[in-house]
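Open the model in your viewer and keep the sequence panel visible. We will go from stop to stop, selecting as we go.

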Amino acid sequence: MATPNVAAVNGGNTGADVTSHVINLPTGIVPGYLLLAFVVFSGTPTATWPTGWTEVFSANAAAGQCRLQCRYRIAESGDGPSITVTTNVAQASAHTTYLISGTDGVTNVGNAATNTSNAPDPPSLAPSWGAKDTLWLAACGNDNGNRTASAAPPSYTNLRNDNSPGGTGVGVNLATARRALNAASDDPGTFTLSASATWIANVVAVEPAAMRPAPPVPSLAGMERVGGGARIRALGDFTISSHQGRLDRVVISTKGQGPNVLGLYDGTSAAGKLLAVIDCTNPGSNPIVYDVILETGLFVNYAGGVAGDLLIVTD
């Protein structure tokens, strides 16, 4: 079992009071990866997120000076490069977004803490899954865009500040940092701000992907077995309907002799949920690796292909 991996990070700010807040997502989004977004708003506006983003937490700083929210989504084909969150009143905001692999998307969160000082202190957290190779993300938002974090909690790395400029009640700052730790709980310690501000802080834990047995060896029409495991060579359309859950690696190698494109679907036909569309016209191209979560099974739309043109390897 390995700690979930931060594949990419992005962020930004509005720079002014607005009702439409553009949230920049990380680049290189892969279907099945976890998208995690932290946003701090000036004041306590009501925020409306796009469909498909699930709340992790939403908490207000003392006296309603700012609001810190976190939401997640399991990435799908076509996600990115940004989403728009709307608020009922115009306010400034800042955000940081993460793209995380090696997880089934399970998160636990602490009870947000708030105070006025230069040392935001995220709460302790004991995830429901106990001691595993967990990814911990600490975050703090404050009500002053000029108050940035100069240090992360001890043992937390990759400190990042995203801020919308302006003083108290005008701008906001969001600081985040992360840690990989196998432990049943963690108490992150404090961030260090450049000066005192009213802050709200929390910690989110991301569970590593569950260990699963290797997928069964397919034996359906439209493919032939190549070696052991689930290495298969396509002769036409086929379905791996007996495997559900995560396919940690789907490696696709083409010779460019088949159809112009092929589709990967979660289901038993092309009526299922589209996971990816792949260009097969480039002979000798490098294998394409996908990390996907299946609810039904893997269907590959490969009509008209040439025997031996496509090799799919899953583990």
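Start with the aromatic rings: this predicted model has 2 aromatic pairs. Rings of Phe, Tyr and Trp (its six-membered ring) pair if their centres lie within 6.5 Å; planes under 30 degrees apart are stacked, over 60 edge-to-face, and the rest tilted.

Select Phe38 and Tyr98. This pair is edge-to-face, with 6.2 Å centre to centre and 85° between the planes. Phe38 sits in strand S3 and Tyr98 in strand S8, so the pair ties together parts that are 60 residues apart in sequence. Strands here are DSSP runs of E, at least two residues, numbered from the N terminus. Both Phe38 and Tyr98 are buried, meaning under 20% relative accessible area with a 1.4 Å probe and protein chains only.

Now select Trp49 and Trp53. Their ring centres are 6.0 Å apart and their planes stand at 40°, so this pair is tilted. Trp49 counts as buried at 9% relative accessibility. Trp53 counts as buried at 7%.

A note on the numbers: residues are numbered from 1 along each chain as its sequence is written, and side-chain values use heavy atoms, leaving out hydrogens and water. Because the model is predicted, local features need pLDDT of at least 70 and side-chain atom pairs count only at pLDDT 80 or more, while totals for chains, interfaces and linings use all residues.

Next, show strand S3, residues 34-42. How many of the residues of S3 are buried? The count is 9 of the 9, so S3 is largely enclosed by the rest of the structure. Look at the side chains: Leu34, Leu36, Phe38, Val40 and Ser42 point one way, and Leu35, Ala37, Val39 and Phe41 the other way.

Add the partners of S3. Strands pair if DSSP finds at least two bridges between them. S3 and S6 run antiparallel, joined by 9 bridges. Phe38 stands opposite Cys70 in S6. S3 also pairs with S8 in the antiparallel sense, over 8 bridges. There, Phe41 stands opposite Ser93.

Zoom out to the sheet. It is open, has 5 strands in the order S1-S8-S3-S6-S5, and pairs antiparallel. S1 (5-13) and S5 (54-60) stand at the edges with a single partner strand each, so one side of each is left without a neighbour in the sheet. Neighbouring strands are turned by 15° against each other on average, direction ignored; the axes are lines fitted to C-alpha atoms, and angles can run from 0 to 180 degrees between N-to-C directions. At the S1 edge, 8 bridges pair S1 with S8 (residues 93-101). Pick Gly12 to find His95 of S8 opposite.

Now colour the largest nonpolar core. Such a core is a set of buried Ala, Val, Leu, Ile, Met, Phe, Trp, Tyr and Cys residues joined through side-chain atoms within 4.5 Å. This one has 23 residues, and Leu36, Phe38, Phe57, Ile100 and Leu137 have the most contacts inside it. S3 gives the most, with 4 residues. Select Ile100: among the residues that it touches (heavy atoms within 4.5 Å) are Pro4, Tyr33, Leu36, Leu137 and Val206. Another core, of 19 residues, lies apart and includes Phe191 and Trp199.

Last stop: Glu207, in the loop between S16 and S17. Glu207 is buried, at 13% relative accessible area. Its side chain makes a polar contact with the side chain of Lys132, at 2.5 Å. A polar contact is a pair of N or O atoms within 3.5 Å; within protein, one must be able to donate a hydrogen and the other to accept it, and residues adjacent in sequence count only if both atoms are side-chain atoms. Glu207 also contacts Pro4, Asp104 and Trp129, among others.

Methods:
Buried means under 20% relative accessible area, exposed over 50%, partly exposed in between (1.4 Å probe, protein chains only). Lists of a residue's contacts leave out its neighbours within four places in sequence.
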